[in-house]
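User: I would like a close look at a single part of this model, worked through carefully and set in the context of the whole chain.

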Amino acid sequence: MAFSSFEESRYLGAPDTLYLFSYRTQKFSYADGDSTIVVNHGSPLGTIAYTPIPINRSAISASGTLDKANMTLELPLDTDVTELFRVYPPSDIVYLTIYQGHSDDPDYEFLSVWSGRVLSCQRDQDRSKLTCEPISTSLRRPGLRRRYQYGCPHALYGDQCRASKASYTVSSTAGTVNRATLTLPSGWNGSFAKARFVDGVIEWGSGSTAEIRTIRQVNEGTNTLTVGGILSTLTAGTAVTLSLGCNHVMDGCRYLNNIQNFGGQPWIPRKNPHGNANNFY
């Protein structure tokens with residue numbers, strides 16, 4: 001292959017590194033060279049043009065351990081991908097794939113050398129520092145264990161919960177928006193009790209602009225909601241949807257008509273059989 005010839009040569013190589021960020025349907029592509037590089041990645045990515053910017057990264061760790069596998073990128077403060085982290089982190093995962101190749105390669109073959117996701121963004125004067133972790137770090141996540149407990153461990157509206165989110169979602173229009181609080185018009189809750197929306201979610205926008213926040217508190221008298229995070233892109237008059245929350249006990253499951261999928265053990269004996277009380281009289 002032409003790539004091997006350029007990679008192994010002492011004089012022919014002209015290495016370029018390409019950075020492809022993916023956030024939902026949006027793509028942000030950058031190159032560390034001084035000219036635009038257009039690469040056809042085939043299906044499903046297709047042809048992507050990589051814009052040259054002053055970008056730098058730390059070394060890729062391949063030591064076999066995951067403790068020091070994180071990588072740091074430095075790029076200009078006004079880069080489009082860093083705008084996703086302005087004011088409040090994005091509502092979904094930002095993925096990153098790094099390609100390396102040679103601009104003089106007639107086959108224009110750029111191979112993937114790193115793949116992972118962006119964890120955080122730190123601003124330092126005129127530069128942004130992105131902390132990224134590779135896909136391999138998912139191996140150190142043991143996952144959520146099922147325990148002997150009163151409460152239900154299932155994620156609300158998830159695959160094991162199976163409650164119908166569409167059946168317990170209402171539509172409304174945003175009124176006054178002030179950082180993490182939002183006022184809604186009267187009757188926004190439909191036929192549901194307002195207090196039941198605590199620990200639910202509020203959503204607005206669609207596609208790559210969709211945003212999600214957790215509902216932390218509902219003031220029934222003023223129809224004001226407090227959410228977990230700043231409502232950075234929400235303005236008055238914007239259409240929103242609100243989904244009921246769940247307290248993860250049997251009462252919450254009954255309200256969602258989902259008691260058959262309750263995952264807790266509500267009949268755990270409350271009296272310790274090894275305590276001082278005699279269990280026989």
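Which backbone oxygen does the side chain of T79 reach, and at what distance? Please go on from there to the surroundings of this residue.

Analyst: The side chain of T79 reaches the backbone oxygen of P76, and the distance is 2.7 Å; this, like every value below, comes from a predicted model. T79 itself is placed in the loop between β6 and α2, the latter covering residues 80-83. Its relative accessibility is 5%, so T79 counts as buried, the cut-off for that class being under 20%. Once residues up to four places away in sequence are set aside, T79 touches Y30 and I53.

The strand that leads into this loop is β6, residues 71-76, and L75 is placed in it. L75 has a relative accessibility of 0% and therefore counts as buried. Apart from its neighbours within four places in sequence, L75 is in contact with I53, P54, I55, V81, T82, R127, S128 and L130. I53 thus appears in the list for L75 and is also touched by T79. As for R127, its C-alpha atom is separated from that of L75 by 5.8 Å, although the two residues are 52 residues apart along the chain.

The position of R127 leads to the partner strand, since β6 pairs with strand β9, residues 127-134, in the antiparallel sense over six bridges. Within this pairing, E74 has K129 in β9 as its bridge partner. Both strands belong to an open sheet of nine strands, whose order is β3-β4-β2-β1-β7-β8-β9-β6-β5 and whose pairing is mixed. The edges of this sheet are taken by β3 (37-40) and β5 (56-57), each of which has a single partner strand, so that one side of each is left without a neighbour in the sheet. As background, strands of a sheet pair through backbone hydrogen bonds, in either a parallel or an antiparallel arrangement.

The other residue touched by T79, Y30, leads to a further part of the sheet, because Y30 lies in β2, where it stands opposite Y19. Strand β2, residues 26-31, is joined to β1 by six bridges, and the two run antiparallel. They form a hairpin with two residues between them, and R24, which is in the turn, has a positive phi of about 55 degrees. On β1 there is also a pairing with strand β7, residues 95-102, through eight bridges and again antiparallel; here S22 stands opposite Y95 in β7. Eight of the nine residues of strand β1, residues 15-23, are buried, so this strand is largely enclosed by the rest of the structure.

For comparison, there is also an open sheet of seven strands in the order β10-β16-β13-β14-β15-β12-β11, with antiparallel pairing. In this sheet β10 (169-173) and β11 (177-178) stand at the edges with a single partner strand each, so one side of each is left without a neighbour in the sheet. The partner of β10 is strand β16, residues 239-243, and they pair in the antiparallel sense over five bridges, with V170 opposite L242.

Aromatic contacts add a further detail, and the count comes to four aromatic pairs. In one of them, the rings of Y168 and F192 have centres 5.8 Å apart and planes at 50 degrees, so the pair is tilted. Y168 lies in the loop between β9 and β10, and F192 in the loop between β12 (181-183) and β13 (201-204), so the pair ties together parts that are 24 residues apart in sequence. Y168, at 10% relative accessibility, counts as buried, and F192, at 15%, counts as buried too. W188 and F197 form another tilted pair, with 4.9 Å from centre to centre and 55 degrees between the planes, and both of these residues are buried. Y168, W188, F192 and F197 form one aromatic cluster. A charged group is placed over a ring as well, with R196 lying over the face of Y255 at 4.3 Å from the ring centre.

Seen over the whole chain, the secondary structure comes to three helices and 16 strands, and buried residues make up 35% of the 281 residues. Among contacts with a separation of 6 or more, 58% are between residues 24 or more positions apart, and the contact of L75 with R127 spans 52 residues.

Terms used: Residues numbered from 1 in each chain as written. Predicted model: local features only at pLDDT ≥ 70, side-chain atom pairs only at ≥ 80, totals over all residues. Heavy atoms only, no water. Helix = DSSP H or I, 4+ residues; strand = E, 2+ residues; numbered from the N terminus. Buried < 20%, exposed > 50% of the residue type's maximum accessible area, 1.4 Å probe, protein only. Contact = heavy atoms within 4.5 Å. Pairing = 2+ DSSP bridges. Polar contact = N/O pair within 3.5 Å; in protein donor to acceptor, adjacent residues only side chain to side chain. Phe/Tyr/Trp six-rings, centres within 6.5 Å; stacked < 30°, edge-to-face > 60°. Lys NZ or Arg CZ within 6 Å of the ring centre and 35° of its normal.
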